[in-house]
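Thanks for coming. I have one structure to go through today, so please look at the screen and stop me if something is unclear.

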Amino acid sequence: MRVGIAGLGLIGGSLALALRDRHEVTGYDVDPATCEQARRADLRIVTRLDELLPADLVIVATPIAALLPTLAELAPRAGEAVLADVASVRGPVEAFARELGAAVRIVGMHPMAGTTATG
């Protein structure tokens, strides 16, 4: 399976490392230092968000402020890919998904990570 991961912080990076042995994983992050750290861990990194596609699954593990803009950029190009987010909020994502209708499949999930004070 081809998996793209947008956001390689604690959750996205952990998912990338866990999935890479059984799947073709490609990562993207806006932070150059995070990308370099991911490269050192032998993850395939792309420099543009749209380069995560085509994929079977794209996991959006960005900060909340970047969540909807990231989904909005990916959705028109998603094709058959499932978009999954790991955000702690559901309302804005559900509203976004309703606007798109059946054109894009979005699955919400929220793993537990970090503390109540910080990630």
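One definition before the loops come up: helices (H or I, at least four residues) and strands (E, at least two) are DSSP runs, numbered from the N terminus. With that naming, Pro54 is found in the loop between β3 and β4. The peptide bond leading into Pro54 from Leu53 is cis, and its omega is near 0°. Please keep in mind that this is a predicted model.

There is another backbone detail, in the loop between α2, residues 32-40, and β3. That loop holds Asp42. Asp42 has a phi near 65°, which is a positive value in a residue other than glycine.

Now the overall layout. The chain has four helices and six strands. Going along the sequence, the pattern reads β-α-β-α-β-β-α-β-α-β. The radius of gyration is 13 Å, close to the 14 Å that the globule rule gives for 119 residues, so the chain is as compact as a globular protein of that length. The C-alpha trace spans about 40 × 35 × 25 Å along its principal axes.

Next, the sheet. In what order do the six strands of the open sheet lie? The order is β3-β2-β1-β4-β5-β6, and the pairing is parallel. At the edges are β3, residues 44-45, and β6, residues 105-108, each of which pairs on one side only. Further in, β1, residues 2-6, pairs with β4, residues 57-60, in the parallel sense, over four bridges. Within that pair, Gly4 has Val58 of β4 as its bridge partner.

Which strands does α3 touch as it packs on the sheet? They are β1, β4 and β5, the last being residues 82-85. The direction of α3 makes about 160° with that of β4.

That brings me to the helix pair. As a reminder, two packed helices are described by the angle between their axes and the distance between the axes. For α3, residues 64-74, and α4, residues 91-100, the axes come within 10 Å and cross at roughly 20°. Angles under 35 degrees count as roughly parallel, and so α3 is roughly parallel to α4. The crossing of α3 past α4 is right-handed.

What do these helices bring to the contact? From α3 come Leu67, Leu68, Leu71 and Ala72, and they meet Pro92, Val93 and Phe96 in α4. By type, the residues of this contact are seven nonpolar, with no polar and no charged ones.

That is what I have; I will take questions now.

Note on methods. Residues are numbered from 1 along each chain as its sequence is written. This is a predicted model: local features need pLDDT of at least 70, side-chain atom pairs count only at pLDDT 80 or more; totals for chains, interfaces and linings use all residues. Side-chain values use heavy atoms; hydrogens and water are left out. Axes are lines fitted to C-alpha atoms, for helices over the stretch in contact, and angles run from 0 to 180 degrees between N-to-C directions. Angles under 35 degrees count as roughly parallel, over 145 as roughly antiparallel, 65 to 115 as roughly perpendicular and the rest as oblique. A crossing is left-handed if the near helix is turned anticlockwise from the far one by less than a right angle, and right-handed if clockwise. Contact means heavy atoms within 4.5 Å. Ala, Val, Leu, Ile, Met, Phe, Trp, Tyr, Cys and Pro count as nonpolar, Asp, Glu, Lys and Arg as charged, and the others, Gly among them, as polar. Two strands pair if DSSP finds at least two bridges between them. The radius of gyration is taken over C-alpha atoms; the globule rule is 2.2 Å times the number of residues to the power 0.38.
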